[in-house]
2 protein chains.
Amino acid sequence: MTFQTPIRDMRFLLDHAAGFGVLEKTGAYPELSEDLVAAILEEMGKFCDQVIAPLNEVSDREGAVLENGVVRTSPGYKEAYQQYVEGGWSSLAFPEEFGGQGLPSTLAVALVDALNAACMSFAIGTTLTTGAVKAILHAATDEQKKLYLEKMVTGEWTGTMNLTEPSAGSDLSAVRAKAEPVGDGTYKISGQKIFITYGDHDMTDNVIHLVLARLPDAPEGTAGISMFLVPKFHVNEDGSLGARNDAHCIKLEEKMGLHGSPTCVMAFGDNGDCIGTLLGEENKGLRNMFVMMNSARLDVGMQGVGIAERGYQRALAYAQDRKQGRAPGVKSGEMIAIYEHPDVQRMVYSMKALTDASRAICYANAVAYDLAHSSPDEETRQKAKALEGLLTPISKAWSTDRANEVTSIGVQVHGGMGYIEETGAAQHMRDARIAAIYEGTNGIQAIDLVGRKLQGDGGAAVKDFIAEVRSEAKLLEAANRDDLTHIGARLLAAADALTASTEWLLDAAGKDQAAVLAGATPYLKQFGNVAGGYYLARGAKAAALYINEGEDRDYYEAKIAIAHFYADNYLTEAVSVTDSVTAGVLPRLDPEKLSA
Amino acid sequence: MTFQTPIRDMRFLLDHAAGFGVLEKTGAYPELSEDLVAAILEEMGKFCDQVIAPLNEVSDREGAVLENGVVRTSPGYKEAYQQYVEGGWSSLAFPEEFGGQGLPSTLAVALVDALNAACMSFAIGTTLTTGAVKAILHAATDEQKKLYLEKMVTGEWTGTMNLTEPSAGSDLSAVRAKAEPVGDGTYKISGQKIFITYGDHDMTDNVIHLVLARLPDAPEGTAGISMFLVPKFHVNEDGSLGARNDAHCIKLEEKMGLHGSPTCVMAFGDNGDCIGTLLGEENKGLRNMFVMMNSARLDVGMQGVGIAERGYQRALAYAQDRKQGRAPGVKSGEMIAIYEHPDVQRMVYSMKALTDASRAICYANAVAYDLAHSSPDEETRQKAKALEGLLTPISKAWSTDRANEVTSIGVQVHGGMGYIEETGAAQHMRDARIAAIYEGTNGIQAIDLVGRKLQGDGGAAVKDFIAEVRSEAKLLEAANRDDLTHIGARLLAAADALTASTEWLLDAAGKDQAAVLAGATPYLKQFGNVAGGYYLARGAKAAALYINEGEDRDYYEAKIAIAHFYADNYLTEAVSVTDSVTAGVLPRLDPEKLSA
């Protein structure tokens, strides 16, 4: 199957769903222009289609391996990564003073989309570096920046995120890794970390680990966690590489998918000689972690979008190719492509609608991030910051839940062939499955949404968002096309349902957090359904304008039709979810009585 | 993880959801008694827990292999299969005149549940034989029965179902395998079949293939398909084995899961010497196939239930074992089991509710099958037959869709560990994935539901079913417990929504089948949600009676609580689905414009 980066769809959703154009008006990106964006997307597509996509299938069969203490990546990864660095793809959205190109993060996020669609297990190696760079920009000393930053910005070195330990998964208060001051400003690090993505590999000369650990006198809990910068190879003042640090990959996990991505058990200081430097303030490691984590969460949402896109393209191609059965009422003659069957169209349209909706949410999230950082107007920045905070758990969780669904539908479209590994559809489903788990499980995202994001400002950001959705819905309801009117009405009903859930949760918040927490996951689902419908509705409205201008009608009609399909299936679904959100505290059932 | 067949839950749902007791009253099963059922379930549990369950993990790593033209099954399979035969498990529900035990099929279906929970890839090898025996009972000559039936009833020989060819998957009209009369009453078979489950293996001395093929003068399409009985080894008149037949496994598929089940490409007559006999009438092969297929469809639904049960048990055990975080509002101290977190309870309860609901639907389907065959009353038989027809596509499709969901939630409960193969949760998800595909994809089931089952009798069977649901709902609404009243109200609202969908579909049926077909999949989902809620409601009502009698309160309270949870999450979900069912014809979108 030939993969093609969906440049046109990406551009359409950037412009008409996510409002990317607003960034140009901030003046913060002097180079930014429509032509530049077009050129970047074009080159991005070529690179992903020609260099990255061919890595995907072989890396599933020949995954990363640990040999004699060294991780060897899948065939072609090292060479492709070189091209990634040489093409300047790593540095798109980093500051020019550290070798970056100073473009909006949104473009880097679009790159994450394309890279993940091309090859998810390759792509994840690049996004961890992005998070590490952001944490270093946020917290590092000038000396640390001088030593590490430029080579990480260019991608010559990669970064990792070392949080999880066997007993410290979602609950970082249980982190036990240690850091003891040596006396010269450095620290001796010791401990084991698990699930470290690209913790070691052979694509670059150095790997920069950001490691959560405790100082000797640190308080218990998350208030006693610091972050340390631990290079694989020490770096001399002139930038040359020094001695090998005592930070080693001691095991690779055997995973359900994503075989091309080395998931390492990392041992720090097993030989008593792991040296790192403090990143940021003592005991304030979680602050940096959240900088890194928020970036990573949006990128994981984007992974969901990318892998859904890949699964979708494969299913669409198969549905056109595979012939079975005849049209309703036709008894004999040639078999038709299964794409012509209504039930298969339903599957394909579901895949497309969910992929586009999650893409639009993630892009809008990225634009909000950029606006929060670059708008000259304080109020705009504040509003954008609030929207970014709100959309981050939704980008992460909703997109990845839907990616599981989309890639599974992709298997279904293939019938029996979907279950055969050779076909490739099953790989996308297996690869996708991790995204709902890492960087904070989707349950944790839902708790973030109903907790910090909803209750943190007494519901202000949520209410602002719903108000925007309602006003968009009313615009569509008043349109002079029946399909837009229909979408508008569906969106309004879904927004009403979301409002009801929101009010119930805000009310419950003052009384019983257990009731709020019990409703968290359905609330996130409902929110995502509404947000996806909102952004697709914006796209549909824009598409209607292009149709009136007479341009490429079929493309724009399809955009409206997919938004319509989404409205009839996912905005309607959102309406009933209020009953699940507001069902209240779950009784604690004795587990012994639950399995008998 | 220790697996335990959920005997008590099975018995509870048999008796109180599916109405198993009615079978004793038919008088058709003189041996049947409460004590016998209890004894059988007890022994079944021991056998599955001790003999079958230990096969599961090793068979995923060391799957079936093809070596020198012979299929070797996973370690322990052959020995376990011997015990299966010796224990008489194969013959439970077959007629006594052919060596069976003459018990209701429902008990055999419960065995399928337990076997699949213990080890799905082992279990599937046994259920294909059941379907083949039913087809032979239905259509074979006395001589064929004499030669083959008894050894298949006891399980000494297994059966297969050879339908699919590379171009004939869902559309059997494209079957191209040939059968030429030899002149002595036998036929020379030639052709290739794919996806043949247990097409060859080393567990028994012989394998009996039922093969769809065309006679030389057969009409085109499905009206020209005949069924042939093709043994792996010919059978002499005295029952001893004769020459090897020219029917060989030439390849095993590499699948996403179910590695212990050999999925064969079968070559018939590659050496010009494959001999079979006609089973049933010329060109009427599809009739036998549907006998076999209906049995297989319920069994596949049961597979969904079984694998969901296994995933559920593993997740429940992990949730009690794994410690992370603290209760809402508690900031320090020992970490608690994740089972104590409301969001994890939601996941576990979802798994339990969906597993029990699909189990109840499948059991009710089995009881309807038995009643249709054994009731002394003609009207009862007719009604049961209609219900069986209605429930079969729902058992098959809804249970397996939900099994995908349940096993995926099971991975999620495990967090990062869920993605590591060693944990075992991922295997259940990979194993489950095929069940929504084979024996007619779930899309085909939905089309069967809105076509033959709904339109075949002008909606009579569906309306009868909904009337039953409504009357049950009203009983619950009038109960003197708030939880039952609540469940009743939810059930009534869902039944109303299903009625609206049904009426719309019946109306559309006269005008536009494309609109009906577009609504098929959401209709099946809605129907399954309502049916599951109905059977759980029956169970809840019975549980309330036991509570009043003061017995084992916690168990029965949990049964009511799970039905309540189901009502708040899946009966509510059913309400909104009407909007998807009734959305009408999908526009045909140009695929070129859908991926850009």
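Visitor: How many bridges join S5(B) to strand S12 of chain B, and in which sense do these strands run?

Guide: In this predicted model, S5(B) and strand S12 (residues 275–278) of chain B run antiparallel and are joined by two bridges. Within this pairing, B:Tyr187 stands opposite B:Gly276 in S12(B).

Visitor: Which strand pairs with S5(B) over five bridges?

Guide: That strand is S11 (residues 263–268) of chain B, and its sense relative to S5(B) is antiparallel. To trace this pairing, one may begin at B:Ile196, whose bridge partner in S11(B) is B:Cys264.

Visitor: What should I examine where strand S4 of chain B pairs with strand S5 of chain B?

Guide: Strand S4 (residues 178–181) and strand S5 (residues 187–197), both of chain B, form an antiparallel pair over four bridges. B:Lys178 is found opposite B:Ser190 in S5(B). The hairpin of S4(B) and S5(B) has five residues between the strands, and in this hairpin B:Gly183 adopts a positive phi near 115°.

Visitor: Let us turn to the two chains. By what turn and shift can chain A be laid on chain B?

Guide: A turn of 180° with a shift of 0.0 Å along the axis lays chain A on chain B, and the RMSD is 0.0 Å. The two copies are therefore related as by a two-fold rotation axis. To locate this axis from chain A, look for A:Ser576, the residue of that chain that comes closest to the rotation axis, with its C-alpha at 2.9 Å.

Visitor: Why may one say that the copies meet through the same surface?

Guide: The reason is that 100% of the interface residues of chain A are also interface residues in chain B. In number, 97 residues of chain A are in contact with 97 residues of chain B.

Visitor: How is the size of an interface often given?

Guide: It is often expressed as the accessible area that is lost when the parts come together. Here, the area buried between chain A and chain B is about 7800 Å², and carbon and sulfur atoms give 58% of this area.

Visitor: How many salt bridges and how many residue pairs in polar contact are found across the interface of chain A and chain B?

Guide: Eight salt bridges are found across this interface. One salt bridge to inspect joins the side chains of B:Asp171 and A:Arg326, at 3.4 Å from N to O. There are also 59 residue pairs in polar contact across the interface, with both residues at pLDDT 80 or more.

Visitor: Which helix of chain A gives the most to the side that touches chain B?

Guide: Helix H17 (residues 553–581) of chain A does, with 13 residues. By class, the side of chain A that touches chain B comprises 42 nonpolar, 25 polar and 30 charged residues.

Note on methods:
Residues numbered from 1 in each chain as written. Chains lettered and ligands numbered in written order. Predicted model: local features only at pLDDT ≥ 70, side-chain atom pairs only at ≥ 80, totals over all residues. Heavy atoms only, no water. Least-squares fit on C-alpha atoms with pLDDT ≥ 70 in both. Contact = heavy atoms within 4.5 Å. Buried area = accessible area lost by both parts, 1.4 Å probe. Salt bridge = Lys/Arg side-chain N within 4 Å of Asp/Glu carboxyl O. Polar contact = N/O pair within 3.5 Å; in protein donor to acceptor, adjacent residues only side chain to side chain. Nonpolar A, V, L, I, M, F, W, Y, C, P; charged D, E, K, R; others polar. Pairing = 2+ DSSP bridges.
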